[in-house]
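Hi,

Here's the structure I promised to send over. Have a look at it first, and then read my notes underneath.

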Amino acid sequence: MFKGVKILGTGSYLPEKVVTNFDLEKIVETSDEWIRTRTGIEERRISRDDEPTSEIAAKAAEEALKVAGVDAKDLDLIIVATICPDQTFPNTACHVQKRIGASPTAMCFSMEAACTGFVYALETATAMLRSGYHKKALIIGAEEMSKLVDWEDRSTCVLFGDGAGAMVLEATDDVNDCALVASSMHANGNYTDILEIPAGGTLQPITPELIESKANCLRMEGQAVFKLAVTSMVRACKKVLKDANLTIDDIKWLVPHQANMRIISAVGKGLGIETEKVFVNVNKYANTSSATVPIALDEIAKSDLVKGGDYVLTVAFGAGLTWGAALIKW
Ligand code: ACO
């Protein structure tokens, strides 16, 4: 028996330590001016060494559960979108399950779709709730990118930050009432090498030489990523609007993945949406990969910038390449 799906609450957590562009000037040869003009980033949060992804994910989750009025024991599905897992295995969702005291029988898995992870998780959880097999889901985007970057590579280390965002969803009896109105999710594995961590997996098991050459750290072809990100995100948003029979004027908020201000502006321009409707917080947190969208959604919810019935269009793009747009009726 197919079900509807409701958003019950959101939450987010940012590590306490703030690292400004000026702080980075002391670590690599860069400047606040270079970073701000190319990316819009002013500062980012960095997690402690003894603060794994599951810890910040659990803090975001606890807030979302509180807002939702849901007991962790009632969850039967937990999905954590992350490319910064606590361990290769067990999956990070199991760590979160334990930390928040969730039902010890819930289905828990991680989703590895880089910056697109949260919108992939939203689509996946929605499908699982709609099927009637699950009743209450917790989905999280949580990343500690600071632990994946090469802190001597100025072309990448200045771009990323750490953070987590969460959402609680519930299946309802009204099949026509679904928070995820339309979606368009994609991947193209022909571009696996333009944004990657080359070594550390089974493709190139880690060796001291690979560590020495920093092959276990993130590397990216920035300009190629930029172009593909803009065209793919605009196309996915247009498809979603068409499928929902809406126009960009019906959208209250565009919540794009917060990678950099130039990508965000280009996507907004490509869609013809007013600048005031494009949500931006990349200046405060930099690129937190799969966490940017749920953190932004939580900030919108907390500041009462959205009310029931408003349309919020989210869109993300990341390594894989993966990308996707998800239209939410709040
Ligand atoms: N500080 C100062 N100079 C720098 C820095 C830095 N942090 N990083 C690079 N430079 C220098 C380069 O060495 C180069 O110098 P050179 O001309 O003497 O060789 C010069 O700046 C230009 O380098 P480019 O890489 O060509 O810089 P570009 O103008 O392309 O900007 C950027 C780089 C901001 C990364 C851009 O390519 C971009 O926005 N890419 C999008 C990718 C992105 O944001 N990815 C995030 C992850 S993917 C995702 O989430 C969608």
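How many residues surround the ligand, and which are the closest? Bear in mind as you read that this is a predicted model. The count around the ligand is 24, and the closest are T30, R154, H257, N260 and N287.

Now for the polar side of things. Two of these residues reach ligand oxygen with their side chains: an N or O atom of the R154 side chain is 2.9 Å from a ligand oxygen, and for the H257 side chain the distance to a ligand oxygen is 2.8 Å. G222 uses its backbone instead, with an N or O atom 3.0 Å from a nitrogen of the ligand. On its own the ligand has 1000 Å² of accessible area, and the protein covers 73% of that.

As for where the shell comes from, helix 2 (32-39), helix 6 (154-157), helix 8 (222-243) and helix 9 (261-271) each give two or more residues. Helix 8 has the largest share, with 4 residues. Sorted by class, the shell holds 12 nonpolar, 8 polar and 4 charged residues.

There's also a sheet worth a look. It is open and mixed, with 4 strands in the order 8-13-12-11. Strand 8 (180-187) and strand 11 (251-256) are the edges, each pairing on one side only. From one strand to the next, the twist averages 10°. Strands 8 and 13 (322-329) run antiparallel and are joined by 7 bridges; A182 has L327 as its bridge partner in strand 13. Helix 8 turns up again here: it packs on the sheet, touching strands 8, 11, 12 (311-318) and 13, and its direction makes about 150° with that of strand 12.

Cheers

Methods: Residues are numbered from 1 along each chain as its sequence is written. This is a predicted model: local features need pLDDT of at least 70, side-chain atom pairs count only at pLDDT 80 or more; totals for chains, interfaces and linings use all residues. Side-chain values use heavy atoms; hydrogens and water are left out. A residue is near a molecule or strand if one of its heavy atoms lies within 4 Å of it. A polar contact is a pair of N or O atoms within 3.5 Å; within protein, one must be able to donate a hydrogen and the other to accept it, and residues adjacent in sequence count only if both atoms are side-chain atoms. Accessible areas come from the Shrake-Rupley method with a 1.4 Å probe; for residues, only the protein chains shown count as cover. Ala, Val, Leu, Ile, Met, Phe, Trp, Tyr, Cys and Pro count as nonpolar, Asp, Glu, Lys and Arg as charged, and the others, Gly among them, as polar. Two strands pair if DSSP finds at least two bridges between them. Axes are lines fitted to C-alpha atoms, for helices over the stretch in contact, and angles run from 0 to 180 degrees between N-to-C directions. Contact means heavy atoms within 4.5 Å.
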